[in-house]
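Got your viewer open? Let's walk through this one a selection at a time.

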Amino acid sequence: MQEVLLDLISIFSNISIVLASIGLIIATSSFISGLQLVKAASRIEGRIHKFNGIATIAIYAVLFILSIVDHGFRLWPIIGWLSGLSIVLLKLKIVRGRKKRARKYISWMGACLVLIWLYIVYIHIPL
Amino acid sequence: MIKKAVLALTLLVAFAFDAYGAELFVPDHHSTIQEALDQAAPGDTVTVKPGSYSENIVIKRPVTLRSANGPASTAINAAKKDEPVISINDATGVSIEGLSATGSEVAGIRLTRSSGVSLKGNQTTENLYGIALYDSSDNKIESNTADLNENYGIYLEKSHRNTVVKNSASSNGDRGIFISASDSNTVIGNTANLNTWNGIVLWSAKGNIIRGNKTLRNTYGLVLTESSGNTVDENTSLPNVFIILPILLIYLGILLYLVQKYALKFLYRS
């Protein structure tokens, strides 16, 4: 147990993993509030979802920039980051659009974003 | 009586010097490392002072080649890219310590039909292979860094009873440590992370001990093909923290949601 705790503490010596962890925490909160919003419109849930959404996009952008600063312009990582960003933008478009048929996929897209954050945390854990 | 004592003392001193061997310095005594090695007698030590050297070194005698200040300040770059930076051919008892070998399209350090060789604390990066052993047995490869090579970090072919301990073979273009048609080797406490393909591979290998190695974030961590009788234990491909941390963060996310919800409810009510 003590070893695991020490491992957890030592991991946070890196700014990228700290940001990625905060991103996953906020993304989880955003996902739950989003699910509540799908069930029934609520002012509080709407506020939580919007605030968390903006915060996660900002952290995502910072991590994207840090990745380019640390590793330079490499094709596959950039494609990966842009793919994640395209899912965020698509979700925003569906939320703001009026097509009701597309809205039923929003929960799945939210789950996708949480999975993306899980992967971001995984790849940023220092070895 | 005194003459005899002086003679005995002289013989003793001469014997002691012979037993320890002479020390040759590059570039103080010799302009190139190869020149120093050609002049060295068996048992001698060639010490390389900090700097960048462009050579392809061939060692055939039992000598020690070491750097004065470690691999960070003593780099040997391949003068001919189609040859290894350091070749040890048909030799026994060679020792190489604390050197950096880079830029070869063959290998950083290559052993061919050699035994009793010790490679310690060397850095072999940006070669085709970092450290390669062919038909070489009973050698010790310890605490070397064989990262960022085009193919393999450490490669053993038809090489038996070698000890490979505490090396780093990470971020290589293909595999970290590749043991091919080699038996009874001991591979303990190595790190083979972030390799494009496999961390550690045993191919047609028998009776090897693979223990306490870390193989993280490779396509496959540890791969055994057509191999039998190997001892594989206490290796790590996914540490506990990789599972615990995401679960902990998701719990914190749920907690954050509840805090935000009740905080906003309280704000609206008040």
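The tour starts where the two chains meet and ends in a sheet.

A bit of bookkeeping: this is a predicted model, where local features need pLDDT of at least 70, side-chain atom pairs count only at pLDDT 80 or more, and totals for chains, interfaces and linings use all residues. Residues are numbered from 1 along each chain as its sequence is written, and chains are lettered from A and ligands numbered from 1 in the order in which they are written.

**Stop 1: the interface.** Color by chain: 21 residues of chain B are in contact with 21 residues of chain A (C-beta atoms, placed from the backbone, within 7 Å). On the chain B side, that's 14 nonpolar, four polar and three charged residues.

**Stop 2: two helices.** Select helix 2 of chain A (15-39) and helix 3 of chain B (240-269); their axes, 7 Å apart, make an angle of about 50°. That makes the pair oblique (not under 35 degrees, over 145, or 65 to 115). Leu24(A), Ile25(A) and Thr28(A) are among the residues that meet helix 3 of chain B, whose own contacts include Leu249(B), Gly253(B) and Tyr257(B). The residues of this contact split into 12 nonpolar, six polar and no charged.

**Stop 3: strand 10 of chain B.** Select 107-112 in chain B: five of the six residues are buried (20 or more other C-beta atoms within 10 Å of their own). Strand 7 (86-89) pairs with strand 10 in parallel over four bridges, and strand 13 (129-134) pairs with strand 10, also parallel, over five (pairing takes at least two DSSP bridges). Finish on Arg110(B): Ser87(B) is its bridge partner, and Ala132(B) in strand 13 stands opposite Arg110(B) too.

Terms used:
Two residues are in contact if their C-beta atoms, placed from the backbone, lie within 7 Å. Ala, Val, Leu, Ile, Met, Phe, Trp, Tyr, Cys and Pro count as nonpolar, Asp, Glu, Lys and Arg as charged, and the others, Gly among them, as polar. Axes are lines fitted to C-alpha atoms, for helices over the stretch in contact, and angles run from 0 to 180 degrees between N-to-C directions. A residue is buried if 20 or more other C-beta atoms lie within 10 Å of its own, exposed if 12 or fewer, and partly exposed in between; C-beta atoms are placed from the backbone.
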